[in-house]
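Colleague: I am new to this one and would like to know what lies behind the terms you use for it. Could you show it to me and take my questions one by one?

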Amino acid sequence: MSITEMAALLDGAAVDATAIPQLTLGHELDVDGAYAVQEALIARRLDRGERLVGIKMGLTSRAKMAQVGVHEVIWGRLTDAMRVPDGGQLALDGFIHPRIEPEVAFLLGEHGIAAVAPALEIIDSRYADFRFTHPDVVADNTSGAAFVIGAWQPVPAGLDNLGVLLEVNGHVVQAGSTAAILGDPRRALEEGRALTARYGVALEPGWVFLAGAATAAVPLTPGAHVRAVVEGIGTASLKAAS
Ligand code: OOG
Ligand code: MG
């Protein structure tokens with residue numbers, strides 16, 4: 001199967017909310033090839049009128065690596081169509097088996113980080129049973145599906161040890177620290193610049209940058225009210241439609 005055909009398959013799986021078998025089960029696909037599939041996959045979305053608004057990092061914490069069994073830092077692309085307003089409602093019928101996780105977002109400036117916000121990411125692997133290898137998940141835009149950004153805040157002096165909570169219906173279901181994100185989420189940005197540059201992508205001012213979840217993700221179920229809390233920065237929330 002060609003890069004173009006793999007991108008079409010993944011795009012169709014997302015559009016139809018129907019899982020597909022892992023690409024690597026039946027096809028040769030290395031990591032460079034997988035980033036080419038991801039680029040072609042996002043190009044299809046851009047052709048439909050979506051706009052590239054940022055980059056997301058994946059598997060920047062041990063909790064996340066352990067949850068999915070892939071031990072490599074990865075990156076994916078964010079489009080405007082994936083953004084859900086803070087406090088907004090999200091219909092789940094467009095997803096296969098959505099999970100949600102707490103994130104730290106950066107607003108990129110001309111020079112470095114212009115602002116910081118708490119965020120939520122909805123991930124939805126297009127592969128059956130949410131199982132994949134490193135090339136599979138890269139090709140699938142690192143499971144990216146939707147995201148919520150809380151209110152932007154000035155960059156605090158220290159970002160390397162802020163408490164992170166994920167709450168569902170008022171109960172804490174995951175707790176961690178920004179220290180879990182490569183020691184400091186700022187390191188995720190350095191890593192992101194280097195990794196994207198390898199594939200000819202330069203991070204742009206005005207883009208959103210998700211540093212990767214500090215904790216494992218949890219299933220996003222109908223009716224759930226989900227909130228991410230990042231100590232000293234604030235909250236981001238969404239309600240899953242019932
Ligand atoms: C891969 C995406 C990982 C993160 O924040 O670590 C990710 C997955 O878990 O399916 O977005
Ligand atoms: Mg994430």
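Modeller: Here are your questions about helices, the metal site, the core and a few single residues, with the values set against the definitions.

Modeller: This is a predicted model, where local features need pLDDT of at least 70 and side-chain atom pairs count only at pLDDT 80 or more, while totals for chains, interfaces and linings use all residues. Residues are numbered from 1 along each chain as its sequence is written, chains are lettered from A and ligands numbered from 1 in the order in which they are written, and side-chain values use heavy atoms, leaving out hydrogens and water.

Colleague: How do you know that the span of α1 agrees with what is expected?

Modeller: Helices are DSSP runs of H or I with at least four residues, strands are runs of E with at least two, and both are numbered from the N terminus. The expected span is 1.5 Å times one less than the number of residues. The 14 residues of α1 should therefore span 20 Å, and the end C-alpha atoms are 20 Å apart, which agrees.

Colleague: What makes Met 6, Ala 7, Leu 10, Asp 11 and Ala 13 of α1 a single side?

Modeller: These five are buried, a word for under 20% relative accessible area, with exposed meaning over 50% and partly exposed in between (1.4 Å probe, protein chains only). The arc is that of the directions from the helix axis to the C-beta atoms. The buried residues cover an arc of only 155 degrees, which puts them on the same side of α1. An α-helix has 3.6 residues a turn, so residues three or four places apart point the same way. The face turned away from the buried side of α1 carries the exposed Thr 4, Val 15 and Asp 16. The cover over the buried residues of α1 includes α2 (23-26), α3 (31-47) and α5.

Colleague: Which residues are buried in α6, and what do they pack against?

Modeller: Pro 185, Ala 188, Leu 189, Gly 192, Leu 195 and Thr 196 are the buried ones. Their arc around the axis is only 135 degrees, which puts them on the same side of α6. They pack against β1 (52-58), β2 (74-79), β5 (99-108), β6 (113-123) and β10 (208-210), where contact means heavy atoms within 4.5 Å.

Colleague: Which residues are called protein donors of the magnesium ion (ligand 2)?

Modeller: Donors are N, O and S atoms within 2.8 Å of the metal (3.2 Å for Na, K and Ca), and water is not among the atoms, so sites may look incomplete. Glu 101, Glu 103 and Glu 121 each give an OE, lying 1.9 to 2.1 Å from the ion, so these oxygens meet the definition. Along the chain the donors follow the spacing E-x1-E-x17-E.

Colleague: Why are Glu 101 and Glu 103 called buried?

Modeller: Glu 101 has a relative accessible area of 3% and is therefore buried. Glu 103, at 1%, is buried too.

Colleague: Which residues touch the most other members of the largest nonpolar core?

Modeller: A nonpolar core is a set of buried Ala, Val, Leu, Ile, Met, Phe, Trp, Tyr and Cys residues joined through side-chain atoms within 4.5 Å. In the largest, with 48 residues, Leu 10, Ile 55, Met 57, Phe 106, Ala 139 and Phe 209 touch the most other members. Apart from it lies another core of 20 residues, including Val 84, Phe 95, Ala 145 and Val 226.

Colleague: What makes Asp 140 buried, and what is it in contact with?

Modeller: Its relative accessible area is 1%, so Asp 140 counts as buried. Asp 140 lies in the loop between α5 (134-139) and β7 (144-149). Leaving aside neighbours within four places in sequence, its contacts are Leu 10, Leu 41, Asp 124, Ser 125, Arg 126 and Tyr 127.

Colleague: Is Ser 2 buried, exposed or partly exposed, and where is its place?

Modeller: At 32% relative accessibility, Ser 2 counts as partly exposed. Its place is in the segment before α1 (3-16).

Colleague: What is the phi of Thr 142 and of Ser 143?

Modeller: Thr 142 has a positive phi of about 50 degrees although it is not a glycine. Ser 143, also a residue other than glycine, has a positive phi near 65 degrees. Thr 142 is buried at 4% relative accessibility, and Ser 143 is buried at 3%.
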